[in-house]
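Good morning, and thank you for the time. I would like to walk through one structure with you, beginning with a single residue and working outwards. Please have the display in view.

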Amino acid sequence: MNRTPAIPLHTARDSLRWIGKDVLVRLLPFAIVAFIWAYALAGGSETLKLSWRLTGMDFALILGTGIPAFAACTLFRARYWPIHSLASRRAHLIEDGYFLFFNAPAEELFFRGMLQSWAMALGFIPPAVGFVSVALVFGFYHRLAGFPLPFLLLATAGGFLFGILFLLSGTILTPIIVHFIADLALFNLGPTVLTRFGKIPYRVRLSQK
């Protein structure tokens, strides 16, 4: 006997619909503004830490913070933020690519590469105040997308973590990767893991398109 699905499945078309809009309206402007600021007003690639080489310290930072971040974000999703839909196989791949190549890089370039670097170098306020201010702005700007208060607090904690990684690492790639891991846990892989291991009941409503 068929059961009514507790959580529906969304398709690749569903994912592409919101991803295309988000990239054009939010992420592309973030990246453009960050690059214009860096190369016109600041120290260019050195300010943004545009290095794609990972050192042993970078790998240690990624593993040491990425694994706990994935666990914490998955637990958060299970306890505080209901899962309304799961990604089909193709939607999963599309969303993974979006988080890795668009969302995490654009947000890190803007908030860490540009805003944090600028705020900590202002001179008339202590660098620590600039650092904290950017972490708070990063967390609560998510309210513009309608996220609930618990998510804003989690995002603020993420802002502090990504900011510290940016300061400790020689490349912006380190906070980008950890940011990507956190996004997977919150929006894609985390909900899938929770349902696959029986923490949340579900049935597939749509075909795997």
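I begin with Phe147, which is buried, with a relative accessible area of 16%. Please bear in mind throughout that this is a predicted model. Phe147 sits in the loop between α5 and α6. Along the chain, Phe147 and Asn188 are 41 residues apart, and their C-alpha atoms are separated by 16 Å.

Phe147 also leads us to the pockets. Which residues lie nearest the centre of the largest pocket? They are Trp81, Phe99, Phe147, Phe151 and Phe187, within a lining of 39 residues. Seven elements may be picked out on the display, each giving two or more residues to that lining: α1 (12-41), α3 (56-80), β2 (86-87), α4 (89-120), α5 (127-141), α6 (149-168) and α7 (173-196). Which element provides the largest share of the lining? That is α7, with eight residues. The volume of this largest pocket is about 880 Å³. As to its chemistry, the lining comprises 24 nonpolar residues, nine polar ones and six charged ones.

I turn now to the second largest pocket, which holds about 160 Å³ of space. It is lined by 14 residues, and those closest to its centre are Ala31, Phe101, Pro105, Ala106 and Leu109. Here the elements that contribute two or more residues to the lining are α1 and α4. How do the residues of this lining divide into nonpolar, polar and charged? The lining of the second largest pocket has 14 nonpolar residues, no polar and no charged.

The next topic is charge pairing. As a general matter, side chains of opposite charge can pair when their charged atoms come close. In this model there are four salt bridges, and I shall take several of them in turn.

Consider Arg17 and Asp14, whose side chains form a salt bridge at 3.3 Å, N to O. Where do these partners stand relative to each other in helix α1? They are three residues apart, and therefore separated by about one helical turn. Arg17 counts as exposed, at 54% relative accessibility, whereas Asp14 is partly exposed, with a relative accessible area of 27%.

A second bridge joins the side chains of Arg26 and Glu107, at 2.6 Å from N to O. Arg26 belongs to helix α1 and Glu107 to helix α4, so this pair ties together parts that are 81 residues apart in sequence. Is Glu107 buried or exposed? Its relative accessible area is 2%, and Glu107 is therefore buried. Arg26 and Glu107 do not stand alone, for a network of salt bridges links them with Asp22.

A further bridge is found between the side chains of Arg112 and Glu108, at 2.7 Å, N to O. Arg112 and Glu108 are four residues apart in helix α4, so about one helical turn separates them. Both of these residues are buried.

Let us return to helix α1 by way of the surface. Which residues make the nonpolar surface patch of about 500 Å²? They are Leu24, Val25, Leu28, Ile32 and Ile36. Ile36, one of these five, lies in helix α1. Its relative accessible area is 54%; because the cut-off for exposed is over 50%, Ile36 counts as exposed.

In contrast to Ile36, let me point to Ala69 in helix α3. Ala69 is buried, with a relative accessible area of 11%. Between Ala69 and Phe140 there are 19 Å, C-alpha to C-alpha, and the two are 71 residues apart in sequence.

One point of backbone geometry remains, and it concerns Lys49. This residue is located in the loop between α2 (45-48) and α3. What is phi of Lys49 near? It is near 55°, a positive value in a residue other than glycine.

To close, I would draw three points together. Phe147, with which I began, is buried and is among the residues nearest the centre of the largest pocket. Helices α1 and α4 both contribute to the lining of the second largest pocket, and the Arg26 and Glu107 pair ties together parts in these two helices. Helix α1 also holds Ile36, one of the residues of the nonpolar surface patch. Thank you; I shall be glad to take questions.

Terms used
Residues are numbered from 1 along each chain as its sequence is written. This is a predicted model: local features need pLDDT of at least 70, side-chain atom pairs count only at pLDDT 80 or more; totals for chains, interfaces and linings use all residues. Side-chain values use heavy atoms; hydrogens and water are left out. On a 1 Å grid over the protein atoms alone, a cavity is a set of points where a 1.4 Å probe fits but cannot get out, and a pocket is an open set with protein on both sides within 12 Å along at least five of seven lines; lining residues have an atom within 4 Å of a point. Grid points are joined across faces, edges and corners, and a volume is the space filled by probe spheres set on the points. Ala, Val, Leu, Ile, Met, Phe, Trp, Tyr, Cys and Pro count as nonpolar, Asp, Glu, Lys and Arg as charged, and the others, Gly among them, as polar. Buried means under 20% relative accessible area, exposed over 50%, partly exposed in between (1.4 Å probe, protein chains only). Patches are made of residues with over 30% relative accessible area and no salt bridge: like charges are joined within 9 Å, nonpolar side chains (Val, Leu, Ile, Met, Phe, Trp, Tyr) within 5 Å. Accessible areas come from the Shrake-Rupley method with a 1.4 Å probe; for residues, only the protein chains shown count as cover.
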